[in-house]
Amino acid sequence: MNRSAEGKFVFYAPDREPHNIAFAKTADAYAFLHSKAGVDFADRQYTQAFMPEPIEQEAGGLALMPAQYLSKLERGDQVMDMAHELAHQWWGALVGIRSWSDFWLNEGMATFMADAYMEHHNGRAAYDREIALTGSWPSS
């Protein structure tokens, strides 16, 4: 696993590529979500680790995603999963839930904000397609 960093973002990826496109898309999603939240997230940096296993999980300052998603993000412009996991830095890590019975709030807000970012990044037609295809659930 190779580490690369740019500003407040760190990537762990299986290859030695610079991943400038993924860094730029993460920074754009961060700027959008930050503007909507009105505050910065709690951690000084945000790490995305692209794992060999099919996993999508977030924690404060960290997102785990499948390695094959990195090429989908860079070449296919599939920003939903990245935006969803990043949104959890505000709606999940910074603003948490009272009990596990409220977990749907974390997922609901992250999904809603990822959909909002999808519209911002790819336009209304892409947003409408995502809603029609997935019922507003992030696609891989």
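These legends go with close-up views of a predicted model.

**View 1. Five strands line up in an open sheet.**
Read across the sheet and you'll meet the strands in the order 1-2-3-5-4, with mixed pairing. So who sits at the edges? Strand 1 (2–6) and strand 4 (57–59) do, and each has a single partner strand, so one side of each is left without a neighbour in the sheet. Going from one strand to the next, the twist averages 15°. If you're new to sheets, here's the basic idea: strands pair through backbone hydrogen bonds, either parallel or antiparallel.

**View 2. Strand 4 meets strand 5.**
Zoom in on this pair and you'll find strands that run antiparallel, joined by three bridges. To get your bearings, look for Ala59, which stands opposite Leu62 in strand 5.

**View 3. Two helices rest on the sheet.**
Helix 1 lies across strand 1, strand 2 and strand 3. Its direction makes about 140° with strand 2. Helix 2 packs on the sheet too, where it touches strand 2, strand 3 and strand 5. Compare the direction of helix 2 with that of strand 5 and you get about 90°.

**View 4. Helix 1 packs against helix 2.**
Two packed helices are described by the angle between their axes and the distance between the axes. Here the angle is about 75° and the axes are 9 Å apart. Since 65 to 115 degrees counts as roughly perpendicular, that's the label for helix 1 and helix 2. On the helix 1 side, the contact is made by Asn20, Ile21, Ala22 and Lys25. Helix 2 brings Leu70, Leu73 and Glu74.

**View 5. Here is the largest nonpolar core, with 32 residues.**
Which residues have the most contacts inside this core? Look for Leu33, Met82, Leu86, Trp90 and Tyr117. Plenty of elements chip in: those giving two or more residues include strand 2 (9–13), strand 3 (46–51) and strand 5 (62–66). Among the helices that do so are helix 3 (80–87), helix 4 (103–122) and helix 5 (124–134). Still, the largest share, six residues, comes from helix 1.

**View 6. Meet Asn2, a residue of strand 1.**
Is Asn2 buried or exposed? Its relative accessible area is 18%, and the cut-off for buried is under 20%, so Asn2 counts as buried. Now follow its side chain: a polar contact of 2.9 Å joins it to the side chain of Arg16. Leaving aside residues up to four places away in sequence, Asn2 touches Phe11, Tyr12, Ala13, Pro14, Asp15 and Arg16.

Terms used. Residues are numbered from 1 along each chain as its sequence is written. This is a predicted model: local features need pLDDT of at least 70, side-chain atom pairs count only at pLDDT 80 or more; totals for chains, interfaces and linings use all residues. Side-chain values use heavy atoms; hydrogens and water are left out. A nonpolar core is a set of buried Ala, Val, Leu, Ile, Met, Phe, Trp, Tyr and Cys residues joined through side-chain atoms within 4.5 Å. Buried means under 20% relative accessible area, exposed over 50%, partly exposed in between (1.4 Å probe, protein chains only). Helices (H or I, at least four residues) and strands (E, at least two) are DSSP runs, numbered from the N terminus. Two strands pair if DSSP finds at least two bridges between them. Axes are lines fitted to C-alpha atoms, for helices over the stretch in contact, and angles run from 0 to 180 degrees between N-to-C directions. Contact means heavy atoms within 4.5 Å. A polar contact is a pair of N or O atoms within 3.5 Å; within protein, one must be able to donate a hydrogen and the other to accept it, and residues adjacent in sequence count only if both atoms are side-chain atoms. Angles under 35 degrees count as roughly parallel, over 145 as roughly antiparallel, 65 to 115 as roughly perpendicular and the rest as oblique.
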